[in-house]
Amino acid sequence: MSTQQNVRVAVLGGGVMGETVVSALLSAGWSADDVDVTEQYASRATELAQRYGVNASDTNPHTVRHAEVVVVALKPNVVGPVLEEIADSVRPGTLVVTVAAGLPVAFYEQRLPEGTPVVRVMPNTPAVIGHGASAIAAGTHATDEHLALVERILGATGLVVRVAEKDLDAVTAISGSGPAYAFYVIDALAEAGVLLGLTRDLASRLAVATIEGAAALAQQSGEHPVVLRERVSSPGGTTVAGVRALDAHGVRAGILAAAEAARDRSRELAAESAK
């Protein structure tokens, strides 16, 4: 694998996540001349080329033939046909990185030339604004060097952690689906504000700022969330009463159940894709 500056990257798919990868590459120091994007819709391809200065086309095999890294940023249902389309064009040693949900590394290794290194990524939607949390897992032939390269590619999207592939279902349940849980809480807080007499606009702004501030404090302080919670909870005060109500209504148990349900569904989707 050549140096970062000379690595040519092909991004297959110009949707939200594909564009996020393109933006991350440019932020990490890649030249636009070394980034190719394939997109089936001509108008979208033109939009990406104009916005980022990258090369955009609708021809997967030709684009892959010139790449040292291929990022698969497609919907899971079209990944199989695209892999069959590009298999003969993937050069020996080309790193294939997938951000497609639910498809295991084995799915790629079975359809690509023997020995192709594959790294699977589980991103989440806040990656589009640089505040994401992505987990990466190495396939059979991927090395630490490959993982380090993927970390550089995704560095501008937020937190990037290495995990074993077996843990990606749990990651999906926490960080992959987690933004939806956070939005759920924001909506509930805002609704509570309206119930208590605030305008909806004010309640929504306060809810968003509160969750954002609490997350930032937890990250910057490095303290356990229980310690931070207790610091807000004066004996006999309003917060203690509120947390007690949350416990009485099973909010913690609900979050645990949601994570388990998301993990189980992730496993089901992987099993379905393997059929």
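A residue counts as buried when its relative accessible area is under 20%. By that cut-off, 39% of the 275 residues in the protein chain of this predicted model are buried.

**Figure 1. Overview of the protein chain in the predicted model.** The protein chain is built from 12 helices together with 8 strands, and its C-alpha atoms fill a box of roughly 70 × 40 × 30 Å when this is taken along the principal axes. When contacts between residues at least 6 apart in sequence are considered, 63% of them join residues that are at least 24 apart.

**Figure 2. Close-up of the second largest pocket, which holds about 930 Å³ of space.** This pocket is lined by 36 residues, and those closest to its centre are Ala73, Leu74, Lys75, Pro76 and Ala100. The elements that each give two or more residues to the lining are α1 (16–27), α4 (76–86), β6 (118–122), α7 (168–176) and α12 (251–273), with α12 supplying the largest share, namely 4 residues. Sorted by class, the lining of the second largest pocket comprises 17 nonpolar, 14 polar and 5 charged residues.

**Figure 3. Close-up of the packing of α7 against helix α8 (residues 178–195).** The axes of α7 and α8 lie 5 Å apart and form an angle of about 30 degrees. Angles under 35 degrees count as roughly parallel, and α7 and α8 are therefore described as roughly parallel to each other. On the α7 side the contact is made by Ala173, Ile174, Ser175 and Gly176, which meet Gly178, Pro179 and Tyr181 of α8. Among the residues of this contact between α7 and α8, 4 are nonpolar and 3 are polar, while no charged residue takes part.

**Figure 4. Close-up of the surroundings of Leu112, a residue in the loop between α5 (105–109) and β6.** Leu112 has a relative accessible area of 7%, and because a value under 20% is what defines a buried residue, Leu112 counts as buried although its place is in a loop. If its neighbours within four places in sequence are left aside, Leu112 is in contact with Leu83, Val90, Val96 and Val118. The view also includes Glu84, which is 28 residues away from Leu112 along the chain, and the C-alpha atoms of these two residues are separated by 7.7 Å.

Key. Residues are numbered from 1 along each chain as its sequence is written. This is a predicted model: local features need pLDDT of at least 70, side-chain atom pairs count only at pLDDT 80 or more; totals for chains, interfaces and linings use all residues. Side-chain values use heavy atoms; hydrogens and water are left out. On a 1 Å grid over the protein atoms alone, a cavity is a set of points where a 1.4 Å probe fits but cannot get out, and a pocket is an open set with protein on both sides within 12 Å along at least five of seven lines; lining residues have an atom within 4 Å of a point. Grid points are joined across faces, edges and corners, and a volume is the space filled by probe spheres set on the points. Ala, Val, Leu, Ile, Met, Phe, Trp, Tyr, Cys and Pro count as nonpolar, Asp, Glu, Lys and Arg as charged, and the others, Gly among them, as polar. Axes are lines fitted to C-alpha atoms, for helices over the stretch in contact, and angles run from 0 to 180 degrees between N-to-C directions. Angles under 35 degrees count as roughly parallel, over 145 as roughly antiparallel, 65 to 115 as roughly perpendicular and the rest as oblique. Contact means heavy atoms within 4.5 Å. Buried means under 20% relative accessible area, exposed over 50%, partly exposed in between (1.4 Å probe, protein chains only).
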